[in-house]
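This briefing describes how one protein chain is arranged, moving from a pair of strand partners to the wider fold. Please keep the sequence and the model in view while reading.

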Amino acid sequence: MKNLYRLIYLITLLTTNCQLLTAQHINNGPVIGALTESSARIYIRTNQAGDVVVKIDTNIAFANPVSFSDTVRTLLDTTVIINITGLHDATVYYYRVGINSVQDIIEGHFKTAPLVNATGNYMFTFGSCMNSGNGGMVDLFSNMNALHPDFFLQTGDFTYPDHDANFPQVNSVVVNSYRGKYRYPGIFDFLRNTPIDYVWDDHDFLGNNCSHNTRAQYSATHGTNGWDTQVFDNPVPAGARENSFNGYMNFFPGYPMVDTTQGIYHSYRYGNVEIIFLDNRSSRSPDNEIFHYDSTDINHPWSIVNV
């Protein structure tokens with residue numbers, strides 16, 4: 001009889017573990033972007049195929065919710081970007097996210113933008129150069145979240161995926177870079193309650209000190225009178241630029257772009273504030289320069305030669 005009880009217990013344990021392994025859950029997100037006075041976009045990544053449902057209500061008790069749904073894109077890392085429309089300006093909305101029959105997995109809130117030209121007291125927070133990933137960043141995002149800002153503007157180097165030498169010419173590395181952005185230490189609670197906009201810089205576009213289609217390398221030689229440091233740009237591998245653009249369009253819930261063949265620059269209005277994201281990296285020219293230091297020249301030891 002004891003052996004029978006042990007067998008039943010083992011079967012129950014295995015069944016429970018299998019259910020946990022196969023349960024539907026959200027791996028990344030929600031991330032709220034493309035905020036306007038009447039709409040928003042919400043990015044979500046799940047662990048398996050299915051339909052994602054987002055319930056929206058102005059009442060925290062969800063007395064009269066409106067539902068928006070879409071099917072997970074299995075070929076795009078089981079992600080979905082759901083368009084939320086028909087909202088009222090300057091209004092706090094609460095939302096709950098579910099997958100298929102598993103409802104209300106994650107919840108959060110956001111506030112829609114005020115009408116264009118409306119005056120008010122608006123709070124924006126900013127970020128860039130998110131490289132360290134240490135414990136201090138958790139406090140940083142917790143502190144920003146406690147301010148309840150209207151917007152988070154990420155101005156580039158949203159993590160440093162170019163630490164992997166295969167970024168961005170290997171598409172799977174680009175895909176993984178967006179996973180990394182959304183699970184950055186301390187950022188989950190912040191992004192589920194704060195709309196974000198984002199434009200890349202060098203490390204999250206093509207690589208360190210990159211131009212529109214090159215990335216920089218350095219060499220230093222020591223001569224009789226000093227050092228020559230040469231900066232020269234090498235073309236990025238075929239497909240690298242396209243992979244970065246596709247990653248942004250597929251995995252970030254951004255605003256409509258002006259011309260994605262040239263850059264991800266865009267602009268929009270938040271009340272009486274106009275926000276312009278330039279994307280200088282996509283337009284930057286290559287560098288080919290030599291920085292020469294002559295220790296014998298007391299007055300002008302440095303010279304720059306363009307080659």
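Ile42 has Ile82, a residue of strand 5, as its bridge partner. Strand 2 and strand 5 run antiparallel and are joined by 6 bridges. The model is predicted, and its chain holds 5 helices and 16 strands.

**The chain as a whole**

- The chain has 307 residues, and 41% of them count as buried.
- About 15700 Å² of the chain is exposed, and carbon and sulfur atoms supply 53% of that area.
- When contacts between residues at least 6 apart in sequence are considered, 64% of them join residues at least 24 apart.

**Strand 2 and its neighbours**

- Strand 2 is mostly covered, since 6 of its 7 residues are buried.
- On another side of the pairing scheme, strand 1, which comprises residues 26–33, is joined to strand 2 by 5 bridges. These two strands also run antiparallel.
- Within this pairing, Val31 has Tyr43 of strand 2 as its bridge partner.
- Strand 1 and strand 2 form a hairpin with 6 residues between the strands. In this hairpin, Ala34 takes a positive phi near 50 degrees.

**Aromatic pairs**

- The whole structure contains 24 aromatic pairs.
- Tyr43 and Tyr182 form one such pair, which is tilted, with 4.7 Å from centre to centre and 50 degrees between the planes.
- This pair links distant parts of the chain, for Tyr43 lies in strand 2 and Tyr182 in helix 3, 139 residues apart.
- Is Tyr43 buried or exposed? Tyr43 has a relative accessible area of 1%, so it is buried, the cut-off for this term being under 20%.
- Tyr182 has a relative accessibility of 4% and therefore counts as buried.
- Tyr198 and Tyr248 form an aromatic pair that is tilted, with 5.7 Å from centre to centre and 35 degrees between the planes.
- This pair also links distant parts of the chain: Tyr198 belongs to strand 10 and Tyr248 to helix 5, 50 residues apart.
- Tyr198 is buried because its relative accessible area is 0%. Tyr248, at 1% relative accessibility, counts as buried.

**A cluster of rings**

- Which residues do ring pairs link into a cluster? The members are Tyr43, Phe158, Tyr178, Tyr182, Tyr198, Trp200, Phe205, Phe245, Tyr248, Phe251 and Phe252.
- Tyr178, one of these members, has the charged end of Lys181 over its ring, 4.9 Å from the ring centre.

**Helix 5**

- Helix 5 covers residues 240–251, which is 12 residues. At 1.5 Å a residue, this helix should span 16 Å; its end C-alpha atoms are 16 Å apart, so the model agrees with the expected span.
- The buried residues of helix 5 are Ala240, Arg241, Asn243, Ser244, Phe245, Gly247, Tyr248 and Phe251. Among them, Phe245, Tyr248 and Phe251 belong to the cluster of rings.
- What do the buried residues of helix 5 pack against? Their neighbours are strand 2 (40–46), strand 5 (79–84), helix 3 (171–182), strand 10 (196–198) and strand 13 (266–270).
- Strand 2, one of these packing partners, is the strand that contains Tyr43. Helix 3, another of these partners, contains Tyr182.

Conventions
Residues numbered from 1 in each chain as written. Predicted model: local features only at pLDDT ≥ 70, side-chain atom pairs only at ≥ 80, totals over all residues. Heavy atoms only, no water. Helix = DSSP H or I, 4+ residues; strand = E, 2+ residues; numbered from the N terminus. Expected span 1.5 Å × (residues − 1). Buried < 20%, exposed > 50% of the residue type's maximum accessible area, 1.4 Å probe, protein only. Contact = heavy atoms within 4.5 Å. Areas by Shrake-Rupley, 256 points an atom, 1.4 Å probe, with all protein chains shown as cover. Pairing = 2+ DSSP bridges. Phe/Tyr/Trp six-rings, centres within 6.5 Å; stacked < 30°, edge-to-face > 60°. Lys NZ or Arg CZ within 6 Å of the ring centre and 35° of its normal.
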